[in-house]
Amino acid sequence: MASSSANLWVLLGLGIAGILFMTKKLKRAVKADFGAFMERLQLLPPPQPAPPKAPHPLTGLSFAVSDVFNIKGHVTGFGNPDWSMTHEAATRTCPVVALLVDGGATCVGKTVVDDMALGVSGENMHYEAPTNPASPARIPGGASSGAAVAVAAKFTDFSLGIDTDGGVRVPAGYCGILGFRPSYGTVSLSGVVPVSGSLDTVGWFAKDPSVLRRVGHVLLQLPYAAPRNPRNIVIADDFFQLSKVSAERITQAVTKSIEKLYGRQGLRHEKLSDYISLKVPSLNAFNVKQLNGEGRASPIRLLANVMQMLKRHEFRQNHIEWINSAKPTLDPVISAQIPEVLDLTDADIEQCNAIRTELRSAINALLKDDGVLVVPTCDLPPKCGAKEIASEEFMIQTSCFTSLASMSGCCQVALPLGVHEKCPISLSLLARHGGDRFLLDTLQPIYASLQEQVDTAEKPKPSSKVVTPETSAEMAKEKGNQAFKDKQWQRAVGFYTEAIKLNGSNATYYSNRAAAYLEMGSFLQAETDCTQAIDLDKKSVKAYLRRGTSREMLGFYKDAMEDFRYALVLEPNNKRAAQTLDRLKKYFL
């Protein structure tokens with residue numbers, strides 16, 4: 001290396017010597033515990049019961065808890081040193097931690113959370129952000145960052161976190177592990193520092209699905225019931241279009257796994273935004289004056305905005321008195337989320353409650369007792385220190401993936417699905433509110449089958465048989481063409497978008513998507529796609545014709561005539577261009 005100060009190598013104590021990480025981008029050494037822990041401690045389980053009684057269900061397992069859970073004799077830090085300095089040590093251990101210890105597990109420490117557990121990045125200005133073991137140059141996700149890292153780095157078998165708007169699911173996705181958010185209200189929040197009372201849940205992480213299930217049975221105190229196979233599996237296609245990862249790649253793996261386990265019957269695709277728009281009328285009627293001008297946003301994005309408004313309103317109600325009196329130093333990303341004025345009226349709160357009630361009923365009706373909804377957990381994790389992390393847009397984009405379960409109160413499990421560009425990919429399964437046992441039971445076989453698909457996909461294939469991204473893009477284009485012929489415009493857009501993700505240098509894909517947008521009346525999107533197609537291929541007659549049509553419909557008649565003229569230069573005998581140009585000349589020249 002040219003300079004030892006520019007690049008720092010650190011030997012990590014993971015039980016296996018010789019594991020090295022380069023932290024050139026981070027400009028700091030990686031701690032031996034990956035920065036996961038705030039405090040080490042030990043809560044030992046009670047002695048095993050005498051035979052013939054069964055041993056404790058969590059015997060032999062270790063766990064850590066996010067620093068929002070009260071443990072007797074320890075100050076709960078809530079991710080902020082000023083909070084620690086102004087609060088006394090807890091006088092009792094919160095029930096969920098006690099339940100796990102009584103169940104045979106050993107608690108070994110408290111872990112880092114975002115400042116006042118309000119973030120989703122895992123970065124905290126007061127403490128060094130925990131290092132993501134799955135991708136050290138990327139953020140670990142929050143709010144329960146340290147708990148996720150402790151499991152991902154194999155320091156503990158499982159851990160507890162708080163999930164308000166994705167605080168367990170997002171770090172599980174970023175760190176490539178399992179994360180479970182139970183149905184709202186099923187696990188006690190007593191002794192847990194609140195963020196947003198109507199959204200908060202206790203969630204947990206694990207690497208092993210059997211451990212995740214065992215913990216779930218203890219926390220949910222579930223009676224025995226025979227496992228049931230899902231008979232209704234819905235893939236939310238429009239949610240996968242929000243991700244940077246190829247939707248086709250993920251849905252193919254899911255489809256193959258489901259068909260192998262349960263057959264094709266019961267597997268279907270759904271555009272969930274249309275379903276939500278139809279079944280949650282209160283969302284459409286919600287007062288959107290405060291939604292940054294996003295009154296025309298999709299139902300998915302609108303739901304994300306409503307969730308963030310509600311979270312911040314309830315957080316302020318919980319903690320503004322302490323903030324005003326203690327005047328703590330807050331991370332700017334966090335302070336930006338705390339409005340100076342309580343801007344939600346009682347009517348707004350009633351509307352939010354109506355949205356939650358309608359959304360829960362809609363999801364319950366969609367899935368019933370034996371259904372599972374398949375969605376992406378989150379997008380790929382940004383790089384550490386990236387500017388986007390501090391933006392409101394990053395918060396809203398992340399919330400688009402997490403608001404469905406947070407606002408409906410349904411249960412959700414995040415599970416890893418390989419890597420993309422050296423970053424973990426995460427998939428989620430949702431079940432109806434109260435379907436926690438069913439979801440935990442369903443996770444076991446689906447997880448194993450999905451991992452088989454990932455292993456198969458990642459195995460080297462004979463070079464003559466390798467399907468290149470370009471070939472996959474062509475396949476997606478052909479599917480789009482067929483959907484277009486069938487007049488399934490939205491589906492066609494989805495396939496062309498998939499082709500563009502796989503090969504963004506092909507003008508035809510943009511031009512074809514523009515044709516579908518024209519049929520949908522989305523003229524601005526059509527014009528944008530045609531312009532991109534022309535930038536890639538100056539001789540694309542179809543792109544000029546379609547852009548001319550888009551501009552005509554948008555009222556840009558002079559620009560439209562220029563497009564039709566140029567199409568005639570490229571193809572002098574094109575009747576459509578000649579006829580349209582003549583018609584426009586009669587009216588506007």
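These legends go with four close-up views of a predicted model.

**View 1. Serine 183 and its surroundings.** Let's start in the loop that runs between strand S7 (178–181) and strand S8 (201–206), which is where serine 183 is found. Is serine 183 buried or exposed? Its relative accessibility is 1%, and buried means under 20%, so serine 183 counts as buried. Look for aspartate 436 too: its side chain and that of serine 183 are joined by a polar contact of 2.7 Å. Leaving aside neighbours within four places in sequence, serine 183 also touches a run of other residues, including Gly409, Cys410 and Cys411. Arg432, His433, Gly434 and Gly435 are in contact with serine 183 as well.

**View 2. Strand S7 and its two partners.** Now step back along the chain to S7, whose residues point in two opposite ways. Leu178 and Phe180 go one way, Gly179 and Arg181 go the other, and all of them are buried. Which strands does S7 pair with? One is S8, in the antiparallel sense, over three bridges. Here you can spot leucine 178 standing opposite alanine 206 of S8. Strand S12 (residues 411–420) is another partner, also antiparallel to S7 and also joined over three bridges. In that pairing, arginine 181 stands opposite glutamine 412 of S12.

**View 3. The largest cavity.** Rolling a probe the size of a water molecule over the atoms shows where empty space is left. This structure holds two cavities of 30 Å³ or more, and the largest has about 60 Å³ of space in it. It is lined by 13 residues, and Cys378, Asp379, Pro424, Ile425 and Ser426 are the closest to its centre. Helix H4 (169–175) and strand S13 (423–431) each give at least two residues to this lining. S13 has the largest share, with three residues. What classes of residue line the largest cavity? Nine are nonpolar, three are polar and one is charged.

**View 4. The second largest cavity.** Here the space comes to about 30 Å³. Around this second largest cavity you'll find Ile233, Val254, Ile258, Val372, Val374, Leu427, Leu429, Ile446 and Leu450. Several elements each supply at least two residues of the lining: helix H7 (247–262), strand S11 (371–376), S13 and helix H14 (436–458). How many polar residues are in the lining of the second largest cavity? There are no polar ones and no charged ones, just nine nonpolar residues. S13 may ring a bell, since it also helps line the largest cavity in View 3.

How values were computed:
Residues numbered from 1 in each chain as written. Predicted model: local features only at pLDDT ≥ 70, side-chain atom pairs only at ≥ 80, totals over all residues. Heavy atoms only, no water. Helix = DSSP H or I, 4+ residues; strand = E, 2+ residues; numbered from the N terminus. Buried < 20%, exposed > 50% of the residue type's maximum accessible area, 1.4 Å probe, protein only. Polar contact = N/O pair within 3.5 Å; in protein donor to acceptor, adjacent residues only side chain to side chain. Contact = heavy atoms within 4.5 Å. 1 Å grid on protein atoms, 1.4 Å probe; cavity = no way out; pocket = protein on both sides within 12 Å on 5 of 7 lines; lining within 4 Å. Points joined across faces, edges and corners; volume = space filled by probe spheres on them. Nonpolar A, V, L, I, M, F, W, Y, C, P; charged D, E, K, R; others polar. Pairing = 2+ DSSP bridges.
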